[in-house]
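Work through the exercises below with the sequence and the structure side by side. Each one sets a task and then solves it step by step.

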Amino acid sequence: MSRAAAIVIHGNEVALIKRRREGRLYYVFPGGQLEDKESPEQAVVREVEEELGLKVDIERLMIKVLHRNKMQYYFLTRITGGKFGTGIGPEMQGLYPPERGSYRPVWMPIANILKENVVPREVAEIVALSSRQGWPTDVVTLNEDELH
């Protein structure tokens, strides 16, 4: 199943989900699986609201990552409303079993994105570079299965 995620930037910070799972600490871009008959665009808007409590508009598709034969879509978004940290998705309310780990929305300075364990690393690298040099004009396509 495909996954859609958001690149949500506010000032010099990016919104991420801080995860603790099986003794690991890492950060992911807010997003999740597409539901039945849902487009990647619809999924990313829904997921950002569920996880962050923010309403966003999609600016454009930035990155496509093929991961374990499943496509992941990363969209550059613009905040249009809501309140950060008020997401009511099941993972944010602690409704998942403990083995799924913890989820906490955080703002991370873009300057720190490569100093922390942000995954996928290649997406973090593009965000860090783009914050200094501007976003690529074309969609970046990565095959994570070939990168590791």
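Helices (H or I, at least four residues) and strands (E, at least two) are DSSP runs, numbered from the N terminus. The model is predicted, so that local features need pLDDT of at least 70 and side-chain atom pairs count only at pLDDT 80 or more, while totals for chains, interfaces and linings use all residues. Residues are numbered from 1 along each chain as its sequence is written, and side-chain values use heavy atoms, with hydrogens and water left out.

**Exercise 1. Describe the surroundings of Ser-130.**

Step 1: find the element, which for Ser-130 is helix 2, residues 121–133.
Step 2: judge the accessibility, where buried means under 20% relative accessible area, exposed over 50%, and partly exposed in between, with a 1.4 Å probe and protein chains only. Ser-130 has a relative accessible area of 6% and is therefore buried.
Step 3: look for contacts, meaning heavy atoms within 4.5 Å. When neighbours within four places in sequence are left aside, Ser-130 is in contact with Trp-135 and Pro-136.
Step 4: turn to the side chain of Ser-130, which has a polar atom 2.7 Å from the backbone oxygen of Ile-126.

**Exercise 2. Place Val-65 and Asp-138, and decide for each whether it is buried or exposed.**

Step 1: locate the residues, with Val-65 in strand 5 and Asp-138 in the loop between helix 2 and strand 9 (140–143).
Step 2: apply the cut-offs. Val-65 is buried because its relative accessible area is 1%, whereas Asp-138 counts as exposed because its relative accessibility is 57%.
Step 3: list the contacts, not counting residues up to four places away in sequence. Val-65 touches Lys-70, Met-71, Gln-72, Tyr-74, Val-123, Leu-142 and Glu-144, and Asp-138 touches Arg-60 and Met-62.
Step 4: set distance beside separation along the chain. The C-alpha atoms of Val-65 and Met-92 are separated by 25 Å, with the two residues 27 apart along the chain, and the C-alpha atoms of Asp-138 and Lys-55 are separated by 25 Å, with the two residues 83 apart.

**Exercise 3. Work out which strands pair with strand 2 (13–21).**

Step 1: recall that two strands pair if DSSP finds at least two bridges between them.
Step 2: take strand 1 (residues 3–10), which pairs with strand 2 in the antiparallel sense over two bridges. His-10 has Glu-13 in strand 2 as its bridge partner, and in this hairpin, with two residues between the strands, Gly-11 takes a positive phi near 65 degrees.
Step 3: take strand 7 (residues 102–109), which pairs with strand 2 over eight bridges, again in the antiparallel sense. Here Ile-17 stands opposite Pro-105.
Step 4: take strand 3, which runs antiparallel to strand 2 and is joined to it by five bridges. On this side Ile-17 stands opposite Val-28.

**Exercise 4. Examine the backbone at Glu-22, Arg-68 and Pro-120.**

Step 1: begin with the background. Most residues other than glycine have a negative phi, and most peptide bonds are trans.
Step 2: consider Glu-22, which has a positive phi of about 50 degrees although it is not a glycine. Glu-22 lies in the loop between strand 2 and strand 3, and it counts as exposed, at 70% relative accessibility.
Step 3: consider Arg-68, which is not a glycine but has a positive phi of about 50 degrees. Its place is in the loop between strand 5 (54–67) and strand 6, and at 63% relative accessibility Arg-68 counts as exposed.
Step 4: consider Pro-120, in the loop between strand 8 (118–119) and helix 2. A cis peptide bond, with omega about -5 degrees, joins Val-119 to Pro-120.

Technical notes. Polar contact = N/O pair within 3.5 Å; in protein donor to acceptor, adjacent residues only side chain to side chain.
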